[in-house]
Amino acid sequence: MAQLTHGVLTTLYGGGLPARLFWLADSTLTEKPFAQRVASVGLFHRAKRIVGRAKHLQGHCYVFAAHLYQTAHKHWASALVGALLYVKGRSIPRLVGDLAQQVRLPAEVRHVWVVDRGIVSRPLVQSLDRLDQYALGRVRSNQVFYFAPRRQPQRGRRRIYGQKCRVDKLIKRFPERLRHQTATLKVRGKARTVRIYDAEMLWRGVWHDHPCPVRLIIVVVPGLRLKPWYLLTTDLELTPLEAVQAYGGRQQIEVNFDEVKEVGLGHYQGRSGEGVRRWPVFLCITHTLLKLLATQALHIELPALNWSWYKRENTTGQVRRRLTAACRPPISRDSGVRPYCRENEESGIISTN
């Protein structure tokens, strides 16, 4: 995984690394929902309730890591760089921390891990803080944060935390403490003007001896019946607009899951736990190569399929088909003679190639 990550960064940033790199992390659902038993793999707890099925089953899922980058057309794209096996009894946030350690990211730049609401937690922040890395993700609307204290008592112990408030009550209760700006973002396929509120707050319970400073961001989309987005980042140097734009690219890892399943994520037939753990890493190598070709980070001359029903040639699936067409040997080397058929046999012309 470390060598794959190094190859991706070298290919994308040959002239030098930027000041900040974004990484994605998420978990898949079980890839073998009907498996009776997989050696060395324990019970997997369902992340989604399915009526008529038990809450536990014999199976597994994976926690993937991907690098989020921008293409030449300023669109978000991501390439898978590693995966770890998740079974019952392990913690997905801590697995993300293990992934961040195993990919061995360069220390001279800032690294921000963009995750979803179910992974942003205190164990994740603790794991990333040991590596001097940062987290960015959604938080629940009932999450409680604290302001820094404005006044200190004249006697007794100094106050560490100020007023506390739920995330969904901040705009109503403390509008004077929030910074406000407007920006244009693409929401539901259209460019819309959104309102962005942010404030530096304290997260309690991450460390036992001192609070964890975070930047809380609230995104409100006027004119739509859409609930506000509540984002949190531990990188205080990241501007609110950059944080919102980076979180907008988090959906790319869901696209990666669909693409890697087409490559064969759910079709592994091995029975050993070591093989189950190694299989997604091999698929990450294949997917990364296809993704870099699809986003034109790597340039290889490939034949165009020219399908009338599918106009796009630079998708991961289409690049895989174009590679297959380029590697398929021709039936006949003589362009003037068609392959073997009844007409050639009757005329006495038979191609032997």
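A polar contact here is a pair of N or O atoms within 3.5 Å; within protein, one must be able to donate a hydrogen and the other to accept it, and residues adjacent in sequence count only if both atoms are side-chain atoms. Keep that in mind for the first stop.

Some housekeeping: this is a predicted model, where local features need pLDDT of at least 70, side-chain atom pairs count only at pLDDT 80 or more, and totals for chains, interfaces and linings use all residues. Residues are numbered from 1 along each chain as its sequence is written, and side-chain values use heavy atoms, with hydrogens and water left out.

**Stop 1: His-67**

Select His-67, which sits in strand S4. Helices (H or I, at least four residues) and strands (E, at least two) are DSSP runs, numbered from the N terminus. The side chain of His-67 reaches the backbone oxygen of Phe-22 at 3.1 Å. With 0% relative accessibility, His-67 counts as buried; the scale is buried under 20% relative accessible area, exposed over 50%, partly exposed in between, using a 1.4 Å probe and protein chains only. Now show what touches His-67, with contact meaning heavy atoms within 4.5 Å. Leaving aside neighbours within four places in sequence, the list includes Val-8, Leu-12, Tyr-13, Trp-23 and Val-81.

**Stop 2: Phe-22 and Trp-76**

Stay with Phe-22 and turn on the aromatic rings. Rings of Phe, Tyr and Trp (its six-membered ring) pair if their centres lie within 6.5 Å; planes under 30 degrees apart count as stacked, over 60 as edge-to-face and the rest as tilted. The whole structure holds eight such pairs. In one of them, Phe-22 and Trp-76 meet edge-to-face, at 6.3 Å centre to centre and 85° between the planes. This pair links distant parts of the chain: Phe-22 belongs to strand S1 (residues 20–27) and Trp-76 to strand S5 (residues 76–86), 54 residues apart. Phe-22 is buried at 12% relative accessible area, while Trp-76 is partly exposed at 23%.

For another ring group, pick Tyr-62, Phe-64 and Phe-257, which form one aromatic cluster.

**Stop 3: Gln-252**

From Trp-76, hop to Gln-252 in helix H6 (residues 252–263). A polar atom of the Gln-252 side chain lies 3.5 Å from the backbone oxygen of Trp-76. Not counting residues up to four places away in sequence, Gln-252 touches Leu-24, Leu-68, Trp-76, Ala-77 and Ser-78. Try a distance label too: the C-alpha atoms of Gln-252 and Ala-66 are separated by 9.1 Å, though these residues are 186 apart along the chain.

**Stop 4: His-111 and Trp-23**

Next, select His-111 in strand S6. His-111 is buried, with a relative accessible area of 2%. The side chains of His-111 and Trp-23 make a polar contact at 3.1 Å. Beyond four places in sequence, His-111 also has contacts that include Leu-21, Pro-106 and Tyr-134.

**Stop 5: Trp-113 and the core**

Move along to Trp-113. A nonpolar core is a set of buried Ala, Val, Leu, Ile, Met, Phe, Trp, Tyr and Cys residues joined through side-chain atoms within 4.5 Å. The largest one has 83 residues, and those with the most contacts inside it are Trp-113, Phe-145, Leu-170 and Trp-203. Another core lies apart from it, with five residues, among them Leu-290, Leu-293, Ala-294 and Leu-302. Back at Trp-113, its contacts beyond four places in sequence include Trp-23, Val-96, Leu-128 and Leu-136.

**Stop 6: helix H3**

Leu-128 takes you to helix H3 (residues 122–130), where Leu-124, Val-125, Gln-126, Ser-127 and Leu-128 are buried. What do the buried residues of H3 pack against? Color helix H2 (92–102) and strands S6 (110–115), S7 (134–138), S11 (190–203) and S12 (212–220) to see. Just after H3, Asp-132 takes a positive phi of about 60°.

**Stop 7: two more positive phi values**

Lys-74, in the loop between strand S4 (61–70) and S5, has a positive phi near 65° without being a glycine. Lys-74 is exposed, with a relative accessible area of 63%. Gln-296, in the loop between helix H7 (273–294) and helix H8 (316–327), is not a glycine either and has a positive phi of about 65°. Gln-296 counts as partly exposed at 41% relative accessibility.

**Zoom out**

Finally, show the whole chain: nine helices and 13 strands. Of its 353 residues, 44% are buried.
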